[in-house]
Amino acid sequence: MYKIFFNLVFKRMDPERAHHLAFRWIRLAARVPVLRTFVAAALAPRHKELRTEAFGLRMHGPFGLAAGFDKNAVAVDGMSMLGFDHVEIGTVTGEAQPGNPRKRLFRLVKDRALINRMGFNNEGSLAVAARLATREPVFRTVVGVNIGKTKAVPEAEAVGDYVKSTERLAPYADYLVVNVSSPNTPGLRNLQATEALRPLLSAVREAADRIVANRHVPLLVKIAPDLADEDVDAVADLAVELGLDGIIATNTTIARDGIGLKSEPSLVKETGGLSGAPLKARSLEVLRRLYARVGDRITLVGVGGIENAEDAWQRILAGATLVQGYSAFVYEGPFWARAIHKGLAARLRTSPYATLADAVGADVRKTTV
Ligand SMILES: Cc1cc2nc3c(=O)[nH]c(=O)nc-3n(C[C@H](O)[C@H](O)[C@H](O)COP(=O)(O)O)c2cc1C
């Protein structure tokens, strides 16, 4: 049904307009109590065996919505209603900013992929914090808050910008993510170098602890798939050294070559981050590498090219405690999160593992024993 609808309606629309339209429908549906209760009852994860815990937070299922879809935290209940068990909002920057000029989002339908150069369009940390502060949650969803650098802030002052966002947003974050991996803010990815990352993560940790005294706000870092293997290892080691709670692997890629893209060259050439199916192999590889390095010392979140339950299961076996997705939602539609949770429960039942936690990293442990 959704695929017919996608081909007839969404595919003919500008991708960003289609996003806003779908987003409006989700928000509207979530405002109607009977409708949202009905939809949530049908789509929310309710497989006991999928209950899991990540960085001290209890979840009904491991699959959540990746950052970038709900940048301003306006549809957390709507996304939760559709079966995403955690919702990562943002990226939120210290100051509000419009992002890059349009057109800045492209669909590579033949590749089941997207290219975006949105450039962190968002309402800024003050407005998003105010929204979260007054939010009356309908569903008990884990809300991650993903923060990034305001474009106008020079790289040398990046720490201050992240700290400002942390001070404003940490009180409302079930977990906090330092995003240093978007390709669409000039210089941002330089912050992944350990000399820059160490002071940044330390300052965000300190700010979160200072502002939120009554609980530990889990802190994660989100990395790019384009890091060289040694740099992945360096971030992993730094995360362990600093006592970080998690690493999210991965953001979108700037790579285009060697991944067999089938879409028209004019589309493939668009500047920005590529996401969806073509990212699958590299994201999985980075995840496996991270797990081999950090094992169970740090929680890993797998994202990038997840299309179905099998992909999500492969990420869990490769070391992910949680999995996330974005691009395939555009192609698969509103029943996608439910299908993933349902398929994961079926895989777990027929696997040799008693719990989801037992399956985490099992493939990597096998090859490293
Ligand atoms: C349109 C679009 C906007 C995105 N914006 C953000 C963002 O603001 N912050 C972020 O950390 N990741 C952002 N991402 C990256 C996703 O969170 C995710 O890491 C990436 O798309 C890989 O997952 P996928 O293949 O399931 O889409 C964005 C992705 C897309 C497609």
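**Exercise 1. Contacts of the ligand**

Find how far a backbone N or O atom of alanine 67 lies from an oxygen atom of the ligand, and decide whether the pair is a polar contact.

*Solution.* In this predicted model, the distance between a backbone N or O atom of alanine 67 and an oxygen atom of the ligand is 2.7 Å. A polar contact requires a pair of N or O atoms within 3.5 Å, so the pair at alanine 67 qualifies. The next step is to look at two neighbouring positions in the sequence: a polar backbone atom of tyrosine 326 is 3.0 Å from an oxygen atom of the ligand, and an N or O atom in the side chain of serine 327 is 2.6 Å from an oxygen atom of the ligand. As a last step, consider the cover as a whole: on its own the ligand has 600 Å² of accessible area, and the protein covers 98% of it.

**Exercise 2. The shell around the ligand**

State how many residues surround the ligand, how they divide into nonpolar, polar and charged, and which strands each supply at least two of them.

*Solution.* Begin with the count, which is 25 residues, the closest being Ala67, Thr91, Lys222, Gly305 and Ser327. Then sort the shell by character, which gives eight nonpolar, 15 polar and two charged residues. Finally, turn to the secondary structure, where at least two shell residues come from each of β4 (86-93), β6 (113-116) and β11 (273-276).

**Exercise 3. Two ring pairs of tryptophan 336**

Describe the ring pairs that tryptophan 336 forms with phenylalanine 63 and with phenylalanine 84, and say which parts of the chain they link.

*Solution.* A pair of aromatic rings is described by two quantities, the distance of the centres and the angle of the planes. The whole structure holds 10 aromatic pairs. In one of them, phenylalanine 63 and tryptophan 336 have a centre-to-centre distance of 5.1 Å and an angle of 90° between the planes, which makes the pair edge-to-face. Because phenylalanine 63 lies in strand β3 (residues 63-65) and tryptophan 336 in helix α13 (residues 336-349), this pair ties together parts that are 273 residues apart in sequence.

For phenylalanine 84 and tryptophan 336, the centres are 6.2 Å apart and the planes stand at 65°, so this pair is edge-to-face as well. Here the link runs from the loop between α4 (76-81) and β4, where phenylalanine 84 lies, to helix α13 with tryptophan 336, over 252 residues.

The remaining step concerns burial, for which the cut-off is under 20% relative accessible area. Phenylalanine 84 is buried because its relative accessibility is 1%, and tryptophan 336 is buried because its value is 3%; phenylalanine 63 is buried too. These residues belong to a cluster linked by ring pairs, made up of Phe23, Phe63, Phe69, Phe84, Tyr326, Phe329 and Trp336.

**Exercise 4. Serine 182 and alanine 44**

Locate serine 182 and alanine 44 in the chain, and decide for each whether the residue is buried, partly exposed or exposed.

*Solution.* Serine 182 sits in the loop between β8 (175-179) and α7 (194-211), and an unreviewed UniProt entry places the feature "active site" there. Its relative accessibility is 6%, so serine 182 counts as buried. Alanine 44, by contrast in position, is found in the loop between α3 (33-43) and β1 (52-54). With a relative accessible area of 27%, alanine 44 is partly exposed, because this value falls between the limits of 20% and 50%.

Note on methods:
Residues are numbered from 1 along each chain as its sequence is written. This is a predicted model: local features need pLDDT of at least 70, side-chain atom pairs count only at pLDDT 80 or more; totals for chains, interfaces and linings use all residues. Side-chain values use heavy atoms; hydrogens and water are left out. A residue is near a molecule or strand if one of its heavy atoms lies within 4 Å of it. A polar contact is a pair of N or O atoms within 3.5 Å; within protein, one must be able to donate a hydrogen and the other to accept it, and residues adjacent in sequence count only if both atoms are side-chain atoms. Accessible areas come from the Shrake-Rupley method with a 1.4 Å probe; for residues, only the protein chains shown count as cover. Helices (H or I, at least four residues) and strands (E, at least two) are DSSP runs, numbered from the N terminus. Ala, Val, Leu, Ile, Met, Phe, Trp, Tyr, Cys and Pro count as nonpolar, Asp, Glu, Lys and Arg as charged, and the others, Gly among them, as polar. Rings of Phe, Tyr and Trp (its six-membered ring) pair if their centres lie within 6.5 Å; planes under 30 degrees apart count as stacked, over 60 as edge-to-face and the rest as tilted. Buried means under 20% relative accessible area, exposed over 50%, partly exposed in between (1.4 Å probe, protein chains only). UniProt positions are given in the numbering used here, feature names are shortened, and annotations may be inferred rather than shown by experiment.
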